[in-house]
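Grab the model and work through these short exercises. Each one gives a task and then a stepwise solution.

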Amino acid sequence: VQLVESGGGLVQAGGSLRLSCAASGSIFGINAMGWYHQAPGKERELVAVINSGGFIYHADSVKGRFTISRDNTKNTLYLQMNSLKPEDTAVYYCAAWVETDFGGGAPDYWGQGTQVTVSS
């Protein structure tokens with residue numbers, strides 16, 4: 001499975017961005033996909049997850065501002081980010097689970113990451 005993110009960039013506080021993650025390879029085996037972010041000097045944190053059973057999770061820090069979605073016809077995962085804050089600044093990584101349907105465990109595959117910078 002290969003994951004390629006796009007859509008990051010520089011935006012002012014209060015603005016919006018939409019991240020995309022295109023999946024290729026053995027995509028039929030993907031049970032869940034999600035987004036993590038990692039700010040400088042901090043650990044990588046889970047932002048949102050969606051699995052094939054309809055389970056959707058958003059971290060409390062982004063709930064009501066970010067929305068994860070998936071277009072299976074395009075093999076693409078999205079993260080719509082609204083009302084962005086400077087503390088959202090981070091590298092955002094796409095992730096996929098094949099061995100499980102998430103269950104709180106670590107992903108099996110990662111994308112290369114895309115930078116999101118929110119200026120105040």
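A charge sits over a ring if NZ of Lys or CZ of Arg is within 6 Å of the ring centre and within 35 degrees of the ring normal. The model is predicted, so local features need pLDDT of at least 70 and side-chain atom pairs pLDDT 80 or more, while totals for chains, interfaces and linings use all residues. Residues are numbered from 1 along each chain as its sequence is written, and side-chain values use heavy atoms, with hydrogens and water left out.

**Exercise 1.** Find the ring faces that Arg-44 lies over.

Step 1: go to Tyr-93, where Arg-44 lies over the face at 3.6 Å from the ring centre. Step 2: try Trp-110; Arg-44 lies over that face too, at 4.6 Å from the ring centre. Step 3: put both rings in context, as Tyr-93 and Trp-110 belong to one aromatic cluster that also includes Tyr-36, Phe-55, Trp-97 and Phe-102.

**Exercise 2.** Work out the handedness of the disulfide between Cys-21 and Cys-94.

Step 1: check the bond (a disulfide is a pair of cysteine sulfur atoms within 2.5 Å); the sulfurs of Cys-21 and Cys-94 are 2.0 Å apart. Step 2: read the S-S torsion of about -80°, which means the disulfide is left-handed. Step 3: place the ends: Cys-21 is in strand 3 (residues 17-24) and Cys-94 in strand 9 (residues 90-97), so the pair ties together parts 73 residues apart in sequence. Strands here are DSSP runs (E, at least two residues), numbered from the N terminus.

Key
Helix = DSSP H or I, 4+ residues; strand = E, 2+ residues; numbered from the N terminus. Phe/Tyr/Trp six-rings, centres within 6.5 Å; stacked < 30°, edge-to-face > 60°.
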